[in-house]
Structures are given as structure tokens and as C-alpha cells.
Amino acid sequence: MTFVRRNSRKTWDKRKPRGRRGQEQSTRKAGHHEANERSTRVVPQSREVKRLLEGIGTPPRKPFQPDEFQVEALAALEFEDVLVTAPTGSGKTWIAREEIRRLLESGRRAWYTSPLKALTNSKYQEFIDEFGAERVGILTGDRKENSDAPLIVGTTEIYRNQLFDSLRGGSEVSADLVVLDEAHYLADEDRGHVWEEAIILTPPRIRLLLLSATIGNAHEFAAWLEEVRGVRCGVIGGPTKRPVPLRAAVLLPDKRLLPLLNDAGKLNPEIEILAADNADRRRLRK
Amino acid sequence: MKLRMPEMPSATLLGALDGYNLLPAIVFLPTRRRCDQAASEAALARRDPNESRRDARREFMREFVEQNPEVRGHRHWDTIIRGGVASHHAGHIPAWKLVIEKLMSAGLLDAIFATATVAAGVDFPARTVVLTGADARTGNGWRPLTASELQQMTGRAGRRGRDNVGFVVAAPGLHQDPQRIAQLLKAPPDSLVSQFRATYTTLLNLLDAYGSFASVREIAERSFAYRDFAHQFAQLERSREETEHKINQALKEAACEIPMSVVLGLERLLGIRARLQEAKPQTRAEVFHRWLNEVVKPGRVVGVGRAGRRLVMVTEKRDGNVRGFREDGSSASFAQERIGRVYSPVYRLREDDIERGFEEIRKRGKELTLVEPRLRDADAEETDALMIVDDAIENLLPPNIPDKQRCTEIVWELHTTAEDYERVTRRIAALREEVWLPFEKRAKVLAIFGYLDYEAEKVTDRGRWLADLHIDRPLLVGEALESGLFNSLEPKQVAGIMAALTADEDRDYGELELDDDVVSSLSRFEDTGFKVSAEEWNHGLDPAPELNFSAAGAAVRWASGAEWSQVVRETRAEEGDLFRMFSRTGEALLQIAGLHRTHPQAAQMASAVAEMVLREPIR
């Protein structure tokens, strides 16, 4: 399998006409340069803060390499439904896009659902840039374009409505893959039931790819999917580590910066003392 | 452990972060207004000294405007160009949010001030995420952030390929609580919880597709909400089968050729027997008490005390206490059990009737006294019933089976097992009921309005087009269509009605005055709504949200052809709110426009109005 580097870029970069790329890159460089310049004027720091901020900055550019979980998810999709749970920005969309590419290249069809119209519109643009306008259609509550295209982008409600129609004797939903983006919307108070209906009513012959934020009961959810659809469902957790490590700090009114946690991962004792002080002071005031 | 600290002015905050090289940052603030204020203040106080970056932003936005003219002249334009900061929340129109996301992504902004809702969905990371508190704002106060919310926010910290490290910074604020943030950072993510529910649309579509309530029920039972049900069902069914097997096995071993129903019959009869025994009065006092409960009522004269000498006209009885008047007109209040005698006539509670009553009782009291029952008489009913049950138990076994004695013993031995069996059966029925009931209620309401035939379990012709109406509160709109309401309206009235229906119930879209004709069309629509709601209420369904008149006002103005900027100015509503409301109104209108075969006139009208509503910048 080969992976194409240019896919790693995000939607809004793509909306620009291709001719202006050079210019866009130069703008980005300006921002980049600025960040480096700023890093030279830093306030005097304690050892603790130095450690907290160690390594801050921009990494050297590396060629795009898919993460292990992304490759794993793609491989699993050949045989079974897949539930991917990973935080935003960790590269879930890449999985969907590569799988869609694979299908389109072999003349098959896909449906991509998202909960919000704004997301649907931006995905539509992204896929047009990726696969060409003639291969992508969009269906939302107020937009219907190229609806016979092999790849349809739309809101989950519209997809569910198509399932209803086909059950009631209308045309079949002609897709080999359905991607449910933001699948954790299933827990949305108002609209969540639409996701469940979509999952229950999607014919088992259609492969399901669910992209979800991290959830506590992924395996329970997948077990339900298997039961209700009679199709195996793999669970792919996101990268075990965050793509970019996270550090936590507390900023005080005097602009001091303190690490939130100590080396043992417990609350920094200094902060505990501050909070106790704070409570005392409030009590005294009373 | 709260750590209340004065909130830093936004420019000071950004300065402090800059000192540690922690920009660009996304600063989360509790309200939209605070985001806007923070961005403006920061822009005023800190002019971005880097001229080339300012130029780059200006250039970027000029290009963007070519494709998205609706952001031209936005009131935050200068804030962004000059200060390199922006606010981002649901009060802005989508195009404006998009340009900010793009600017951030291109590395041209130092900070975005955003509400927590922004954290969901869109993806624009920064080096640092700043939390000004550990609480989230609700409609009426504050509540603690959840682990998932915090995770959504910290998910923005650290740009892939552009940052070695991402930071989450707890900044000074009145609702700050570092300890809680530390806990939340370590908390496991929330579990996915099902929100499966019955809706008219789902019911109509599934019933029309499958043709029976049983199939709809079966689909509901497969929902994630009832995933345990499948297991529970299986488990219960298994345990029911096991007990059934146990009972049959025992009967077979004893060579008793009687069906299992006999064993279950005994269990039921014993259950009835126990209940009758319980109901049967055991003492004379109990009998008397029950009798008083029955006969003491307003309008009757009673004698209080053991001998029942002091007469009282009863006016009220509650919780075993009695109130009334004495003969001298003074009022009396006492426990019912203090009554010694009750007289039979019932008088009207008017002054002269009361007086006449007392007189009559004084004269002919003896013959008017109600006779209290004796213990033997009182429990006669129960005793009779018990005898019948005992007879039935006696004759439970068929008379001509061999070795009747042995079989009787077996049946008695099995009765606790039979009890288990019955309990499991009842539990299964209750589970099924719980899943189905919300659908059943809706089916009954739909049947009343003729959208489905309850007996035949079929969707009617009417129901078929209603099933296609993918809209909030389809039944209300369906009834309005059927009553011809839409045929007699002007386009702007249709826009007003649909906006009032689809808008968020308590969101304010300004106080634009409504013309009389719009008000009267809305009130006709409300009448229909009330008819529907009343039926729904009768069937135990929650009342629907109220119509939003303020939304109607804004939509009427918009559908009458006003400029976007004009509507924004006049309503003083937030652009993002107006945008979403109009967009949803337009979608709802398009749904009605789809009914051109059954309601051509209304469909044509809806289609024309949709065009008016879904014009730039709404699309």
C-alpha cells in the first residue's frame, strides 16, 4: 500500500485555487518566522519553568507518514466494520479518505455523513479537491448537487431519511461504504436517535466506518454494532500517545507560570498551598 | 478547591503567554459577549508590531471576501488586522468563523477567544489552550466542566507538525480550580449513552415499511438504549425455559400426566388466596373502622364519644379526621375513630337543612341509627371467596388420574418453582412494555388524527405524506396543512409561522413588531397546535415547546426582502443565531415544498418562500 503525502493537508488550505499555492506558502513562512523570532525574547525563568517549557517550538518538517492506527484501521476495513475512537486532529479523516479513494478507484460508491452542515460543506469541498467535482455530490436540508455521484457527502439526517425511503419501497441506498463522522453524536440529546436509526437500518452488506471522539465504552458500543448488524466490528483506538504531547500549567495573576502537576503526576504542592491560602483569606474576610 | 483569582485583562494575559513563548493560543471564555470583548480589548491594547503579518492578514481577508462577500465590513475586521486576535463562537455567521479558522491555520493569528461549544467539531489547533475557569456557563448559572468537554478543549493544544509540545494553561479567573482541572485531565472519557426515543417520523416510516407494530417494536428493542434488553431477554427466557424444564421433569419422574398449566394454576390460586386472607378483617375494631370509613360522609349526623351522645353534622372528612358543626353551631374537629354512632339520612349542608337534621335525629334518632356490622357478617364476602378458591385448589388435578395423592404432593412441591416462572414471565412483559409504550402513545395520537389505522396497524394515505415530512413537530404542521391554513396565507406569514416553529424556544431574535395579519395567522396556527398538544397530553406525552414569536418577527422582515445588515441591525440579534434560524426555517419550508402531489398549493407557496429565506448569505 502506498500513501500519498499531499493528503495530510486540511480543508481550508484546499479551498484555494491551485494557482495561488506559492503565495499561500509564503504567508505561512511569514508566520513561522515570527514564531521563531518571538522565542528569543523570553522572560527570566526558574529551573522549574525551564523544564516545563523545554522543547517548546516547531519541529523540523517531516514527510507525512501514516500512524500505526490509521494503517491498522484501513486494513481492518477490508474485512469488517470499523469503529475508530480518537481525539480530533489525530487523523481519523485520513482513514476515511483513503478508504474512499480505494473504493472509487475500483468503481464502487460511498456515503459520508456528518452532523453539521458546516462540516458537510467543508468536506464536500475537500473531496472535490481530492477526487474531482464529477465524482462528489452533496445532500443537506437545503442543498442538493450531483446526487448521483459515486461519493455523496451529507448530513446524517438525510442519510437516515434515504434509508427510510428505501425501506418503504423507494430506491435502494447505493453505497458500499458509509462513513459516520462524529459518531459520538449518538449521545446528543436531541438528535442522537437519528444515529441509532441509521446504524440499525443500514443493510449489513454496506460496510460501516464510524469515526468517534474518544469514548469510555468503545467495546460495548462495538459489541452492540455487531449484534444489531450481524457483522464483525473492529475497534481501533487512536494513537496511544497524543500526536503532540500535552503539558499543563497554571498562570498566576503576577504572571508566574507553575507546572500544574509534579513529576509524580500529582497536583503541584505549591498550588495546593496557594489554594489553601486563598481559602483562609476568604474565611477571614467573612 | 477553588482558587479564586482576579481575571486578567485579555491583553495582559496574551502578554504573559507571549513572554513564555506560548502563543498562538485559544482562550476559552464562558460567554459569547466575553469573547467579543476580550478580542476587542486585546486588539486595542496590543497592536501587532509586525507589519508584514498585518499585511498578510489584510491580503488573506481581501482574498476571502471575494468568495464570501457577506463578511465584508464585519465589525471585528480591524480587531483582526490590527491585533492579530479574533473571537469565534456560535454568534458569528459560518463564513466569518471560516475565515478565522483559516487565518489561524495559516499562522496569522496570535489568539482566538472562543466559547466551549466551539471545541466540538471544527479543527483549528494552537500551541496553547487557555482555560479561564473550571466551570461552564449554563442558561441559569454555572456547572463544573465535564471530562469530555475538557478533553475536547485540550485536544486543540499542540499543532501536529508545527509544535513539539502543546500546553493547557489554567489562567486566573473567578471560577478557576487547578485541582479539578488536574483531576479532569486524568479522568477517563465519558461513556456513550443512548438517546433513543420514539418520534412520529420514525414510527410512521417504520410502520409503513414493515406493516406491523411488532416489527417497529422489534427495531426499538434493538436500539443501543436497550442493548441490555437483548441480554436480559435472553437471560430471562433461558431461566424461564430452565424452570419449565424443571417442572416438566419433576412431573415426568413422578409419572404424573398432567400439563404444566396445572402447576402454574396452583401458584396463581395460592396467590389469590394470600391476597384474600390479607384483606379479611381480623378484629372487631378493624371491622368497625372500615365501616366508619364507608358510612361517615359530609351531610350525615354522627354521635361522638362511646355512647354517641354529642351530635355533629359532618361537613368534611380527610385523612381519618372529621370536621363539622355541633348543634349550637360551633365547629368541631376530631378523629374519625371517636365516632360511636352514625345516622342514616344525608342532609344538604345549608343552614336550615342542618337545623332540620339535628331536630329529626333528636326526635327519631333510635330508628335512624345505622347498624354496625358484626365481625362474622363483615368478612362474609372474603370467606365466600376463600371457599371458592379452596374448592378450585382441591379440584385442580383432573379427577381420573392414577395415583392422585402422589401427584398432588408433587404439584405442591413445585409451587415455588412455578412462582419463579411467573415472576420471570411478568418481568419480560414489563420490559417489552417499557420499550414499546412511547411508540404506542404516539401511534394512538396519530390514529386520532387519522394518520394511521390503529386496529389494522397500517399507515393511512395521510400518514404516508406525513412520514415524508422530515421536520420538527410534523403532526402540528400536518394538521395545519390539512386544515388549509397555509392556502390562505401571504408568503411572509408562512415564513413567520415556520420560523416560530423551528426556532429555539427561548432564544431571543429581537422584538420586531408583528403586523396584525401575521399575529392572527400565528394565533390560528397556535389553535391547531393546541388541539394537537391537548391530544398528546391526554396520552401522556410531554407538551411541545411554545412558538417563538420573536423569531417570527425577524423572519417576516427577512422574507419581505430586507437587507441582511438591516435585519441584523433592527433585531439586534446575533448574526449566527439569525443565520441558523433562517437556515432551518428554509429547510422546513423545503420539506413542505416536497409535498407537491398531496398539497400542491401549500407546496408551491412554501417553495417560493423558501427561495426568499434561503438567499445570500443564508445557503
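Trainee: Over which ring does the charged end of B:Arg615 sit?

Mentor: In this predicted model, the charged end of B:Arg615 lies over the ring of B:Trp558, at 3.6 Å from the ring centre. A second case in chain B is B:Arg284, whose charged end sits over the ring of B:Phe288, 6.0 Å from its centre.

Trainee: How many aromatic pairs does a search of the whole structure find?

Mentor: The search gives 18 aromatic pairs over all chains. One of them joins B:Trp436 and B:Phe439, which are stacked, with 5.9 Å centre to centre and 15° between the planes.

Trainee: Where do B:Trp436 and B:Phe439 lie along the chain?

Mentor: Both belong to helix 17 (residues 415–448) of chain B; because they are three residues apart there, about one helical turn separates them. B:Trp436 is buried, with 4% relative accessibility, and B:Phe439 is buried as well, with 2%. Together with B:Phe196, B:Phe213 and B:Tyr454, they form one aromatic cluster.

Trainee: How should one read a sheet, and in what order do the five strands of the open sheet stand?

Mentor: Strands of a sheet pair through backbone hydrogen bonds, in a parallel or an antiparallel manner. Here the order is 11-10-9-8-12 in chain B, with antiparallel pairing. Strand 11 (331–335) and strand 12 (339–346) are the edge strands, each pairing on one side only. From one strand to the next, the twist averages 40°.

Trainee: Which strands of chain B does helix 12 touch?

Mentor: Helix 12 (residues 284–295) packs on the sheet and touches strand 8 (300–304), strand 9 and strand 12 of chain B. Its direction makes about 30° with that of strand 12. Helix 13 (residues 351–368) of chain B also packs on the sheet, and its direction makes about 110° with that of strand 12.

Terms used
Residues are numbered from 1 along each chain as its sequence is written. Chains are lettered from A and ligands numbered from 1 in the order in which they are written. This is a predicted model: local features need pLDDT of at least 70, side-chain atom pairs count only at pLDDT 80 or more; totals for chains, interfaces and linings use all residues. Side-chain values use heavy atoms; hydrogens and water are left out. Rings of Phe, Tyr and Trp (its six-membered ring) pair if their centres lie within 6.5 Å; planes under 30 degrees apart count as stacked, over 60 as edge-to-face and the rest as tilted. Helices (H or I, at least four residues) and strands (E, at least two) are DSSP runs, numbered from the N terminus. Buried means under 20% relative accessible area, exposed over 50%, partly exposed in between (1.4 Å probe, protein chains only). A charge sits over a ring if NZ of Lys or CZ of Arg is within 6 Å of the ring centre and within 35 degrees of the ring normal. Two strands pair if DSSP finds at least two bridges between them. Axes are lines fitted to C-alpha atoms, for helices over the stretch in contact, and angles run from 0 to 180 degrees between N-to-C directions. Contact means heavy atoms within 4.5 Å.
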